[in-house]
Each structure stands twice: as C-alpha cells, then as structure tokens.
Amino acid sequence: MSTAQDTSAEARLLVVDDEPNIRELLSASLRFAGFEVSVAADGQEALRLARECDPDLIVLDVMLPDLDGFAVTRRLRENGTHVPVLFLTAKDDTGDKVAGLTVGGDDYVTKPFSLDEVIARIRAVLRRAQTAAAAEEESMLRVGDLVMDEDAHEVRRAGEEIDLSPTEFTLLRYLMLNAGRVLSKAQILDHVWAYNWGGDGAIVESYISYLRRKVDAPFAESSPSGPLIHTKRGVGYVLREQ
C-alpha cells in the first residue's frame, strides 16, 4: 500500500519488510518523525512501489519471501534507479554487509535495532545523497532547455545531444556561466582563447556563428526558449532566453 504524497514531509520513504509487526512499527515511527511512508511486504511489491512512489530512500529487509533485499536492489540498479537503500537484517554477518554494499546498498542496520538508530541512519544516508546530488548539480549548467554537463563534456538542448568542438564547448560554457550578461569580444577572447593582448575579434564572430548553427538554428521551430545567443551591436554577445 502507499500513502498520498505529503509535500511537507522531510522525505519520502519506502519500508519493505515481510513481518507485519516490524513493518507497522517502523512505518508509524517514521511518520511520527516527519517522513512520508509507503510500505511493502515483499520484493515484487517493493519494485512496483519504487516505480510508482519515487521514494527518496528505501528501508529494505534482506530476508523477503520472494526476492531477497539484495536481488531487489540489484534489479533497481539495473533499471537505472539509484535511490539510496538502508538494509535491515536479522544476521549480524560481515559477508551480508559486504554483499549489501556490493549490490548498491548505502547502509546496514542489524535486527534487533533501536528506532532512534534507524532514524539517525536514514537521515545520514539522505544527507550523503543530497550532498552527492548537489555536487553533481554543480557540474550542470542550464539556460532554458539548454543543458551542459561539464563532467561528461556533453551539451543537450530539448534532450537532443549537440556535438561541439572543444573550442565551441569552451565558448558556450563561458556564455552560459555569464547568462544574461553582455560579453564583449575582448572579454571572450581573454577567457576562451587567452588573448589578453587583444587578438582578432573576427574569430569570436566566426565561433559565435558556428554555435548559432548548432545551438539555435536546429531548434528555431521547436524550442519554447527561442534563440539563446543574441548580438548587442557595438557591444558584444549575450546568452539568454527569448
């Protein structure tokens, strides 16, 4: 079963345990602690609810009647779902801990456990996940439907990948970092080509033209953001939404 989404909750959790008493105790305690909680009694139901409820974290019993917790986690990861997983088990076994971490688990609590410990572990895993997401977000630049992933060295607009040369990528990155700000040819030469001695501004015009052909022209009819690269005559260039 699942609950209606609570936008004021600290996080959305999915609790998976085949023992009704543990399932009810955990779900009630976690709701009292401020979480939104959905529950499942077996692995197949856990996989279904993970798709439907989009939890921020799964509290997952290792010993389930159909698929064990390791198999559930493995299937989630194979399907591209990287939600954090906190394993619950009655076994205090190093081999199980290693197995849980190997399949993509994030932490491990051994039964019998204290509710305070489970809540503390959940919050610690959520904090780590948020920190990792923030670090990933810092490598992503966005203007309208244009997205640059600096780590992967990829650019997409409206979900479609755009193939850029290294110089085009560097120029677009500089424009995106300064979105909404008009940049002169001298500034662009300085930051993209390192021509701090006053290089030829014609190279900037040429590369702006190349970028327009790749970033704006193919999306002129389909993108709600409109053309992104604009010329301010006599001043320079600016990247902004229409």
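**Exercise 1.** Work out how the span of helix α8 compares with the expected one, and where its buried residues point.

*Solution.* Start with the span: α8 covers residues 202-216, 15 residues in all, and its first and last C-alpha atoms are 20 Å apart, close to the expected 21 Å at 1.5 Å a residue. That expectation is 1.5 Å times one less than the number of residues. Helices here are DSSP runs of H or I with at least four residues, strands are runs of E with at least two, and both are numbered from the N terminus. Keep in mind that this is a predicted model, where local features need pLDDT of at least 70, side-chain atom pairs need pLDDT 80 or more, and totals for chains, interfaces and linings take in all residues. Residues are numbered from 1 along each chain as its sequence is written, and side-chain values use heavy atoms, leaving out hydrogens and water.

Next, pick out the buried residues (under 20% relative accessible area; over 50% is exposed, in between partly exposed; 1.4 Å probe, protein chains only). In α8 these are Val 204, Ile 208, Leu 211, Val 215 and Asp 216. Looking down the axis of α8, they fall within an arc of 85 degrees, so they line one face of the helix. The arc is taken from the directions between helix axis and C-beta atoms.

**Exercise 2.** Describe the surroundings of Leu 60 and Asp 61 in strand β3.

*Solution.* First, Leu 60 sits in β3 (residues 57-61) and is buried, at 0% relative accessible area. Skipping residues up to four places away in sequence, its contacts (heavy atoms within 4.5 Å) include Val 16, Val 72 and Phe 87.

Then move on to Asp 61, also buried at 2%. Among its contacts beyond four places in sequence are Asp 17, Asp 18, Thr 89 and Lys 111. An unreviewed UniProt entry puts "modified residue: 4-aspartylphosphate" at Asp 61; such annotations may be inferred rather than shown by experiment.

**Exercise 3.** Lay out the sheet that contains β6 to β9.

*Solution.* Begin with the order: it's an open, antiparallel sheet of 4 strands, β6-β7-β8-β9, with pairing calling for at least two DSSP bridges. β6 (140-143) and β9 (160-162) are the edge strands with a single partner each, so one side of each has no neighbour in the sheet. Neighbouring strands are turned by 25 degrees on average, ignoring direction.

Now zoom in: β7 (residues 146-149) and β8 (residues 154-157) are joined by 4 bridges, and Asp 149 is opposite Glu 154 in β8. Finally, add helix α6 (residues 166-177), which packs on the sheet, touches β6, β7 and β8, and makes about 115 degrees with the direction of β7. Axes are lines fitted to C-alpha atoms, over the stretch in contact for helices, with angles from 0 to 180 degrees between N-to-C directions.
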